[in-house]
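Colleague: Before I believe any labels, I'd like to hear what stands behind them. Can we go through them one by one?

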Amino acid sequence: MHPLVASPDRRRGGRRRSLRRLNLALALRCIADDDGFVSRADISARTALNKSTSSSLVDELIAGGLVRELGVTTRPSVGRPPTSLALVTHGPAGLGIEVNVDYVAACVVDLTGAVRYQHVVSRDQRGRSPEEVLRLAARLGGAAVRAVRQSGLVPFGVAIAIPGMVDANAKKIILAPNLGWSDLDPAALLDPAELGLPQGLDVFVDNEANFAALSERELLLTGTSYLYVFGEIGVGSGIVLGGNLYRGRNGWSGEIGHLTVERAGLPCGCGGRGCLEQYAGQEAILRASGVRTAVGTSLGVGPTATLIRERAERGDTSMLVALERAGRALGVVIGNTMNLLDIDRVVLGGIYKELSDHLLPTIREEVTTRWAGARWSSPRIEAAVHGAEAPALGAARSVVRRVVDDPACWLGSDAAHRSSTGGTPRTPSGFEAAADPQPH
Ligand SMILES: [Zn+2]
């Protein structure tokens, strides 16, 4: 037989392996969705897999260090009481790093998505080379990896959030104007030794607004469709449809900051005119209110969002007018986008979270007059759960989500071998395991 033509036996073996892989993902998804309240019998009932198959899948997930048995459930049942299952809080972890204009942030989450480590270093990146900035990012990531190893966590991959256009499939930065970067492969500049992670570790790259959108865990778990609007120097958005990020053909979806608010309006850095960013971006709000600051000051570790809020709370008329204008522009664009996508949920992140008390009434008013669904229901437009930490957090959660979506990728990885097996945390000698943190 030709060596490239698989024998029928080999084809059947391949199909069995891929079916097993899909079933492992199905079983783990059941446990992740109902963490601590699901038994083997529940998995069998929900997936229509027979009891012995679902039980053997669970055994494999336990042996692979992804699932733990919590003990007997308290639910009434016939026969032997079922054992409830939950995701482990040691073993696979996700490392998220955000590189922004004036800070670098790192975050580690465990398989449940709970935050186990967070740290931010303030430093103006403008004028520094990508090599220098990514060296700092690797050092910060390395400190995070060392810290969480004490709790038996092993990062499975690292995801980097960038303020700019990214080719997520090629894992390349196309253009990050505020950092002055273009055509860059960040994975090639990240030193695995500095990160404390093995060579060839998966590095994922995406736009900060996309990752920030993934920080909204409750909405993601329920499969809700929503628009996540992320405001800072620029204005971006993440479009989540049915619990999945919609990236578009090139991964450039969600560039809401460059939707037109006024056809012949203010010129924009993108080459267009009247873009939302020129009315509702952080710089635009400051400019319109007459506040002079260094251009490019970012949020979170900087005082900008707080400065805007405090001025508004003091009744500074020019700031209130600037926020009113920003809210109107946001409302127009959000209302139009809701019509386009047929969604009724909007989350305001970045500086908009801190400014939500001032922006929400105006945004809701504009949306109500524009959104087609307003005749039948009220739109749900709310502040995000997380503030400036959202991109690094969402990046970290995107890594562990890959494990939940395809547990076979962890089960066969080097990281799994370095981690604990059999559901028992392995604590490096000389360290005490940290207490399980509360989910964030
Ligand atoms: Zn523009």
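**Labels and their cut-offs**

Modeller: Let's start with a pair of strands: strand S11 (residues 226-231) and strand S12 (residues 235-241) pair in the antiparallel sense over 6 bridges. Within that pair, Val 229 stands opposite Ser 237 in S12. Bear in mind that this is a predicted model, where local features need pLDDT of at least 70, side-chain atom pairs count only at pLDDT 80 or more, and totals for chains, interfaces and linings use all residues. Numbering runs from 1 along each chain as its sequence is written.

Colleague: What makes S11 and S12 a pair?

Modeller: Two strands pair if DSSP finds at least two bridges between them, and S11 and S12 have 6 bridges. The strands themselves, like the helices, are DSSP runs numbered from the N terminus (H or I, at least four residues, for helices; E, at least two, for strands). By that count the protein chain has 17 helices and 15 strands.

Colleague: Which strands are the edge strands in the sheet S13-S12-S11-S14-S15?

Modeller: That open sheet has 5 strands with mixed pairing. Its edge strands are strand S13 (244-246) and strand S15 (380-383), as each pairs on one side only. Neighbouring strands there are turned by 25° against each other on average, direction ignored.

Colleague: And why is one side of S5 and of S10 left without a neighbour in the sheet?

Modeller: They belong to an open sheet of 5 strands in the order S5-S4-S3-S6-S10, again with mixed pairing. Strand S5 (115-122) and strand S10 (202-207) each have a single partner strand, so they stand at the edges with one side free of a neighbour in the sheet. The twist averages 20° from one strand to the next. Further in, S3 and strand S6 (residues 153-162) run parallel and are joined by 8 bridges; Ile 97 stands opposite Ile 160 in S6.

Colleague: Why does Asp 102 count as buried?

Modeller: Buried takes 20 or more other C-beta atoms within 10 Å of the residue's own, exposed is 12 or fewer, and partly exposed is in between, with C-beta atoms placed from the backbone. Asp 102 has 20 C-beta neighbours inside 10 Å, so it counts as buried. Asp 102 is in the loop between strand S3 (91-99) and strand S4 (103-110). Its C-alpha is 9.3 Å from that of Leu 179, although the two are 77 residues apart in sequence. Over the protein chain, buried residues make up 45% of the 440 residues.

Colleague: How do you know that the span of H15 agrees with its number of residues?

Modeller: The expected span is 1.5 Å times one less than the number of residues. For the 16 residues of helix H15 (residues 390-405) that gives 22 Å, and the end C-alpha atoms are 21 Å apart, which agrees.

Colleague: What makes H15 largely enclosed?

Modeller: 13 of its 16 residues are buried, so the rest of the structure largely encloses H15.

Colleague: Why do you put the buried residues of H11 on the same side?

Modeller: In helix H11 (residues 304-313), the buried ones are Thr 304, Ala 305, Ile 308, Arg 311 and Ala 312. They cover an arc of only 135° around the axis, so they are on the same side of H11. That arc is taken from the directions from the helix axis to the C-beta atoms. On the other side of H11, Glu 310 and Glu 313 are exposed. Just after H11, Gly 315 takes a positive phi of about 85°.

Methods:
Axes fitted to C-alpha atoms, helices over the stretch in contact; angles between N-to-C directions.
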